Amino acid sequence: MNNNNWHEFDSEYVWHPYTQMQLSPNATAIERASGSYLYSSDGKKIFDAISSWWVTLHGHAHPVIASAIAAQATTLEQVIFAGYTHEPASVLAKKLIEKAPQGLTKVFYSDNGSTAVEAALKMCVQYWDHKGEERTTFLALENAYHGDTFGAMSASDRGTFTFPFRSLLFDVVRLPFPTPPADDSEAFSDAEQKFLDTLIKQCRENPSIAGFIYEPLLLGAGGMLTWRKQVLDEAIRIANTYSVLTIADEVLTGFGRTGYFFASESAGSSPDIMTLSKGITGGFLPLGVTLCSKKIYDAFLSNDRKKTFFHGHSYTGNPISCAAAVASLSIFENEPVAERINTINAVHNERMTALGNKHNATVRILGTMAAIEPKDSTGYLNTLSLAI
């Protein structure tokens with residue numbers, strides 16, 4: 001079989017995600033990548049400003065991760081994770097718990113961000129079932145995005161992504177987004193206070209609330225919106241006061257994206273559950289993780305087998321993915337990653353601010369993230385930013 005015309009195979013056979021194929025039938029053909037750049041088949045050098053969907057941390061084709069994957073592939077490529085274990089998954093779990101906010105003590109593996117969120121939601125509901133309480137309602141932010149599977153879509157804001165499935169999604173109590181004050185004063189803005197007041201009211205008056213799921217500090221697909229750590233801290237305190245479980249969705253925000261290793265570090269209190277994916281393997285392979293506290297884990301320990309957490313995936317704890325993640329964490333330990341994050345942040349503050357002023361657009365910067373929003377932007381489907 002001659003594969004020299006593989007570009008034609010793509011347009012003939014492949015259906016790409018988040019793509020209106022009638023309007024964009026021909027995807028850019030990438031032959032290789034190195035560092036911060038992608039190289040197309042027609043000789044173009046493309047700066048990967050979106051980090052290949054926010055997954056690449058240390059640059060493409062980093063030799064430390066590539067070598068770890070190659071070594072693991074010749075040792076143990078896959079094994080069922082129910083009743084079996086292996087070194088990469090065990091070592092990775094230990095390293096993640098050492099890095100995680102205090103109180104998170106157990107690691108549950110899956111294979112992407114959406115499935116990590118599904119596991120978190122199911123843990124939360126089943127936790128209350130084991131406690132003898134019927135709590136099945138979740139609190140979530142306006143503009144939230146938590147993934148494309150049905151539970152994750154339910155927790156996400158209703159809009160373009162979820163509209164066709166609206167009758168199949170479970171109801172979620174939506175909290176107003178805590179937009180920070182324009183002058184970044186210490187006092188809460190009206191929007192922040194409204195968010196906190198609504199959270200208190202729901203936690204106090206709605207006995208069916210099982211948990212509050214949120215993207216700490218930064219909402220990704222919902223518009224790269226930022227909110228403040230003092231508001232996050234107060235929200236967790238309120239939820240704890242009313243025994244509402246907290247789920248920090250760090251699929252996007254984890255591994256340095258916000259300037260913190262985990263965005264949850266910015267708050268004084270830890271979540272009960274935390275989800276991870278995207279950058280966990282440095283962008284090399286899919287892997288999802290749901291971390292939980294001892295309180296959550298202990299609620300599933302029983303002589304009654306019906307109280308098992310009946311959830312899993314064929315590639316749960318895949319050895320090669322776990323080896324890639326361990327290697328990625330070693331780069332944080334052995335290379336000046338924190339300095340790189342600070343440098344990126346400084347460049348963004350210098351150049352993105354000027355770009356925003358030039359185009360009369362709003363700029364938001366946090367850690368390695370920088371977003372520019374045109375003044376008359378009307379949502380996800382607008383094309384105004386393409387002109388900047």
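A nonpolar surface patch is made of nonpolar side chains (Val, Leu, Ile, Met, Phe, Trp, Tyr) joined within 5 Å, in residues with over 30% relative accessible area and no salt bridge; a salt bridge is a side-chain nitrogen of Lys or Arg within 4 Å of a carboxyl oxygen of Asp or Glu. The model is predicted, with local features needing pLDDT of at least 70 and side-chain atom pairs pLDDT 80 or more, while totals for chains, interfaces and linings use all residues. Residues are numbered from 1 along each chain as its sequence is written, and side-chain values use heavy atoms, without hydrogens and water.

**Exercise 1.** Identify the residues of the nonpolar surface patch and locate I50.

*Solution.*
1. Y18, I50 and W53 make a patch of about 310 Å² (Shrake-Rupley method, 1.4 Å probe, only the protein chains shown counting as cover).
2. I50 lies in the loop between β3 (45–47) and α2 (51–54) (DSSP runs numbered from the N terminus: helices, H or I, at least four residues; strands, E, at least two).
3. With a relative accessible area of 45%, I50 is partly exposed (buried is under 20%, exposed over 50%, partly exposed in between; 1.4 Å probe, protein chains only).

**Exercise 2.** Determine how many disulfides the structure contains, and examine C203 and C292.

*Solution.*
1. Searching the whole structure for disulfides gives zero (cysteine sulfur atoms within 2.5 Å).
2. For C203, the nearest cysteine sulfur belongs to C124, 12 Å away.
3. For C292, the closest is also in C124; at 11 Å, this is too far for a bond.
4. C203 is buried, at 8% relative accessibility, and C292 is buried at 5%.

Definitions and conventions
Patches are made of residues with over 30% relative accessible area and no salt bridge: like charges are joined within 9 Å, nonpolar side chains (Val, Leu, Ile, Met, Phe, Trp, Tyr) within 5 Å.
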